Amino acid sequence: MPSRIRLEDRECPLSTTVQHVGEWWTLLILHDAFDGYTRFDQFQQSLGISTSMLTARLKTLVADGLMERRPYQTNPVRHEYVLTERGRSLRPVIVALAAWGNRHLAPQDRSMILVDAETGQEAEPVVVDARTGKSLDDHDAYIFSAGPAASTAMRARYAELDQQRRSRSVDPEPGAP
């Protein structure tokens, strides 16, 4: 599959992550894998996906190190697809995406919810800073910044964004109190 990442975004972790999991069927296959599906026929039946598309998506997931292909039967040889540690680490991302979708639906329109396995109580997923426990929803309190491996272009981007933020905090928008 050709790369969809713009040249200037190659170092951006968001762009590279989307390259791995940003395709519709890939997210749905991962969701099914988190629900415990491992076999080709399970994925195909659950998703109603074509054989060729499922084969291609599973090959990509294996090549990207998100799933492992293992034989579970020898005569004839049949394989299952099991999440790797790298693949399992995507679960919070999938949970957050589903929670975002549910937040924008009326409760009676939600077809799937996350619940506590012991109590059956609905969970309310949030993404928080592990050090402080504060929600990362506040775009003023948590901002992206150039990391240690950032290129000159990436450093310039975040320096410019930082300057714009500082200007806005000094000069409030017109009409603001």
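This passage describes the two largest pockets of a predicted model. Local features need pLDDT of at least 70, side-chain atom pairs count only at pLDDT 80 or more, and totals for chains, interfaces and linings use all residues. Residues are numbered from 1 along each chain as its sequence is written, and side-chain values use heavy atoms, with hydrogens and water left out.

The largest pocket has a volume of about 1200 Å³. A pocket is an open set of points, on a 1 Å grid over the protein atoms alone, where a 1.4 Å probe fits, with protein on both sides within 12 Å along at least five of seven lines. Volume is the space filled by probe spheres set on the points, which are joined across faces, edges and corners. The lining (residues with an atom within 4 Å of a point) comprises 35 residues. Closest to the centre are Pro-13, Leu-14, Val-127, Leu-136 and Phe-144. Helix 1 (13-21), helix 6 (91-103) and helix 7 (152-170) each give two or more residues. Helices are DSSP runs of H or I, at least four residues, numbered from the N terminus. Helix 6 gives the most, with seven residues. By class, the lining holds 24 nonpolar, five polar and six charged residues. Nonpolar means Ala, Val, Leu, Ile, Met, Phe, Trp, Tyr, Cys and Pro; charged means Asp, Glu, Lys and Arg; the others, Gly among them, are polar.

The second largest pocket has a volume of about 380 Å³. Its lining has 18 residues. Val-95, Ala-98, Ala-99, Ile-113 and Leu-114 lie nearest its centre. Helix 2 (24-34) and helix 6 each supply at least two lining residues. Helix 6 provides the largest share, seven residues. This lining divides into ten nonpolar, two polar and six charged residues.
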